[in-house]
Number of protein chains: 2
Amino acid sequence: MSNDKVDLKMSQCEEVDHASVESCSTHSCSIVEPGSNLAIEKQLCFSLYSTANAIVRAYRPMLKALDLTYPQYLVMIVLWSNNGINIKDLGQILHLDSGTLTPLLKRLESKHVLTRQRGENDERVREIFLTEQGINLKNQAETVPEKMLCKAKLPLEELLELKKGCDRLFENLIAE
Amino acid sequence: MSNDKVDLKMSQCEEVDHASVESCSTHSCSIVEPGSNLAIEKQLCFSLYSTANAIVRAYRPMLKALDLTYPQYLVMIVLWSNNGINIKDLGQILHLDSGTLTPLLKRLESKHVLTRQRGENDERVREIFLTEQGINLKNQAETVPEKMLCKAKLPLEELLELKKGCDRLFENLIAE
DNA sequence: CACAATTAAATTGTGTGCAATTTAATTTGA
DNA sequence: TCAAATTAAATTGCACACAATTTAATTGTG
């Protein structure tokens, strides 16, 4: 069903192997020149990008019941274990910056699931606290991971491998 | 460096195994209750989401030289092999809808790399054609995949496995 | 102590993604 | 044939991501 060739070519950033590429597309009308590195079906990055979008779409109906978006759900997950965390630490855990988090947290505040308080000692810091409502939301959220596993329809072993691969790639990409 | 447990729990959408979860966080202050499915470090979906964001960030400096964003680059890749494709087919290949593509294509048109023409037979259809400039951009783009592989710093074999896993997950998630 | 450097958030601006709706053209079927 | 159904894009509205800049508070240093 899917092709197996990646994005790019042999490692080492120099040697490029222009043989050994082939096989034909899953998709409609593509007539890809054999050997091209610019074939969309070959690109790991595209697969990963599309799958991430598909994940967010898959979560949407489940999270709608909690009135949360996927990034909001991620923030809530962190808060359920780290109530009172500040924006910098939250951003380090979620790999998001204040430009993303500040408005997102304001939206969650307007939904009354959290409050954004100034740090006692340091006025620059924002500490994020769950409200009673925010704490209670965890009960409804508990069922979400199982439902998601169900949608994934893959053995746990395979999902674990996939996660490992993503984590390894992530670490390499952010190691400036 | 990274934990290995997923998001959710044993398959079949019913049986939930509440033992067998453990190990402690990579990150700062998290005190995760053992057994919780809502631990961020355990979630495949979060890894995939973060990695997709990291990929887009990694492409940015390379694509800046071409004056393209990552989604724009994807559109160009499809066009280099499918000049004259319409928006519907383009959307099927890239898994994006007209709400995303229409404004994106307008931006690319304003950069003079493509034109958006009405279909001859069917006035509803938009056919997208590369300009001379858009065709020529391919030369500069050819080096991008190799550079990206370089940033990934993983053996090709592992990247291929990762792609396979993403493709399998993707197919399952979109199978309504 | 003063003031430059640093730090934490917030702000600004651009470009996605996508649900939902609308517009306009084409096709279907009574 | 001609109105209803379908289809392809476009539009609208909202919520991210994130680079770049700004604001305000704190820290470090002479």
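How much space lies in the largest pocket? In this predicted model, the largest pocket holds about 400 Å³ of space.

**The largest pocket**

The lining of this pocket is made up of 20 residues. Those nearest the pocket centre come from both chains: N53(A), V56(A) and P71(A) from chain A, and Y49(B) and N53(B) from chain B. Four helices each contribute at least two residues to the lining, namely α1 (44-64), α2 (70-81) and α4 (98-110) of chain A and α1 (44-64) of chain B. The biggest contribution is that of α1(A), which gives 6 residues. Sorted by class, the lining consists of 9 nonpolar, 6 polar and 5 charged residues.

**DNA strand D**

Around DNA strand D there are 29 residues, and the nearest of them are Y49(B), R57(B), T102(B), K106(B) and R126(B). Of the atoms of DNA strand D that come within 4 Å of the protein, 79% belong to sugar and phosphate. Chain A also takes part in contacts with DNA strand D: side-chain N or O atoms of T69(A) and of Q72(A) each approach a phosphate oxygen. A base is reached as well, with a backbone N or O atom of G99(A) placed 3.4 Å from a base nitrogen of DNA strand D.

The surface near DNA strand D draws at least two residues from each of α2 and α4 of chain A and from each of α1, α3 (87-94) and α4 (98-110) of chain B. By class, this surface comprises 6 nonpolar, 11 polar and 12 charged residues.

**DNA strand C**

DNA strand C likewise has 29 residues around it; Y49(A), R57(A), R126(A), T69(B) and Q72(B) come nearest. Sugar or phosphate supplies 78% of the atoms of DNA strand C within 4 Å of the protein, and bases supply the rest. Phosphate oxygens of DNA strand C are approached by side-chain atoms of R57(A) and T102(A), and by a polar backbone atom of N121(B). Two or more residues of the surface near DNA strand C come from each of α1, α3 (87-94) and α4 of chain A and α2 (70-81) and α4 of chain B. The residues of this surface divide into 6 nonpolar, 11 polar and 12 charged.

The distances for the polar contacts with both strands are as follows.

| Residue | Protein atom | DNA atom | Distance |
|---|---|---|---|
| T69(A) | side-chain N or O | phosphate oxygen, strand D | 2.6 Å |
| Q72(A) | side-chain N or O | phosphate oxygen, strand D | 2.7 Å |
| G99(A) | backbone N or O | base nitrogen, strand D | 3.4 Å |
| R57(A) | side-chain N or O | phosphate oxygen, strand C | 2.3 Å |
| T102(A) | polar side-chain atom | phosphate oxygen, strand C | 2.6 Å |
| N121(B) | polar backbone atom | phosphate oxygen, strand C | 3.4 Å |

**Confidence in chain A**

The average pLDDT of chain A is 84, and 80% of the residues score at least 70. Which residues of chain A stay under 50? One such stretch is residues 1-6, for which the model has 25 contacts beyond four places in sequence. Another is residues 8-34, where the pLDDT is below 50 and the model shows 55 contacts beyond near neighbours in sequence.

How values were computed. Residues numbered from 1 in each chain as written. Chains lettered and ligands numbered in written order. Heavy atoms only, no water. 1 Å grid on protein atoms, 1.4 Å probe; cavity = no way out; pocket = protein on both sides within 12 Å on 5 of 7 lines; lining within 4 Å. Points joined across faces, edges and corners; volume = space filled by probe spheres on them. Nonpolar A, V, L, I, M, F, W, Y, C, P; charged D, E, K, R; others polar. Near = heavy atom within 4 Å. Polar contact = N/O pair within 3.5 Å; in protein donor to acceptor, adjacent residues only side chain to side chain. pLDDT = per-residue confidence, 0-100. Contact = heavy atoms within 4.5 Å.
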